Amino acid sequence: CLTDLVERYAPAMLRAAAAILGDVSEAEDAVQDAFVRCLEKRPAFPDEARCRAWLLKVTANGCKSRLRARKRRPTQALTHDMPAPEPGDRAVAEAVMALPPT
């Protein structure tokens, strides 16, 4: 059952993903993707150790793919010319809502 796998292996998978990616929220996404892959593939494992190893490997491979994607889509830090909005500032949301529908 997937619930059992999540309860048993998600903490270890999350620690591994966070160590590789350095970002907890992205690590959570990577772990979620690994469980989706498990649902899609539905592998049959002869023992619990192989299941854990497979899930950790899928998680690590997904993290590596995310790191490669970061290199292909570099981001740029906000500068003084482009400051981030202050918390609670509705100007950005209002500007988006004012855009014409597509």
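This briefing describes helix α3 and its packing against two other helices in a predicted model. The protein has 4 helices and 0 strands, and along the sequence the pattern reads α-α-α-α. Of its 102 residues, 22% are buried. Among contacts between residues at least 6 apart in sequence, 61% join residues at least 24 apart.

**Helix α3**

- Helix α3 covers residues 48-72, which is 25 residues.
- From its first C-alpha to its last, α3 reaches 37 Å, close to the 36 Å expected at 1.5 Å a residue.
- The buried residues of α3 are C51, L55, V58, T59, A60, C63, R66 and A69.
- An α-helix has 3.6 residues a turn, so residues three or four places apart point the same way.
- The cover over the buried residues of α3 includes α1 (2-21) and α2 (24-41).

**Packing of α1 on α3**

- Two packed helices are described by the angle between their axes and the distance between the axes.
- For α1 and α3, the axes come within 9 Å and cross at roughly 35°.
- The crossing of α1 and α3 is right-handed.
- On the α1 side, the contact is made by L5, R8, Y9, A12, M13, A16, A17, I20 and L21.
- On the α3 side, the residues of this contact are E48, C51, R52, L55, L56, T59, A60, C63, R66, L67 and R70.
- By class, the contact of α1 with α3 has 14 nonpolar, 1 polar and 5 charged residues.

**Packing of α2 on α3**

- The axes of α2 and α3 come within 9 Å and cross at roughly 125°, which makes α2 oblique to α3.
- The crossing in which α2 passes α3 is right-handed.
- From α2, the residues that meet α3 are E26, D29, A30, V31, D33, A34, F35, R37, C38 and K41.
- Their partners in α3 are W54, L55, V58, T59, C63, R66 and R70.
- This contact of α2 with α3 divides into 9 nonpolar, 1 polar and 7 charged residues.

**Packing of α1 on α2**

- The axes of α1 and α2 come within 8 Å and cross at roughly 135°, and the two helices are therefore oblique to each other.
- Here too the handedness is given: α1 passes α2 in a right-handed crossing.
- α1 contributes L2, L5, V6, A10, M13, L14, A17, A18 and L21 to the contact.
- α2 contributes V24, E26, A27, E28, A30, V31, A34, F35, C38 and L39.
- The contact of α1 with α2 has 17 nonpolar, no polar and 2 charged residues.

**V31 in α2**

- V31 lies in helix α2.
- V31 counts as buried because its relative accessibility is 8%, under the 20% cut-off.
- Leaving aside neighbours within four places in sequence, V31 is in contact with M13, L14, A17 and T59.
- One of these partners, M13, is 18 residues from V31 in sequence, and the two are 6.3 Å apart in space, C-alpha to C-alpha.
- V31 appears in the contact of α2 with α3 and in the contact of α1 with α2.

**E26 and R70**

- E26 is placed in helix α2, and R70 is found in helix α3.
- E26 has a relative accessible area of 17% and is therefore buried.
- R70, at 34% relative accessibility, counts as partly exposed, because that value falls between the 20% and 50% cut-offs.
- Apart from neighbours within four places in sequence, E26 is in contact with L21, R66 and R70.
- With residues up to four places away in sequence not counted, R70 touches L21, D23 and E26.
- L21 is thus a partner of E26 and of R70.
- L21 is also listed in the contact of α1 with α3 and in the contact of α1 with α2.
- R66, one of the partners of E26, is among the buried residues of α3.

Definitions and conventions. Residues numbered from 1 in each chain as written. Predicted model: local features only at pLDDT ≥ 70, side-chain atom pairs only at ≥ 80, totals over all residues. Heavy atoms only, no water. Expected span 1.5 Å × (residues − 1). Buried < 20%, exposed > 50% of the residue type's maximum accessible area, 1.4 Å probe, protein only. Contact = heavy atoms within 4.5 Å. Axes fitted to C-alpha atoms, helices over the stretch in contact; angles between N-to-C directions. Parallel < 35°, antiparallel > 145°, perpendicular 65-115°, else oblique. Left-handed = near helix turned anticlockwise from the far one by under 90°. Nonpolar A, V, L, I, M, F, W, Y, C, P; charged D, E, K, R; others polar.
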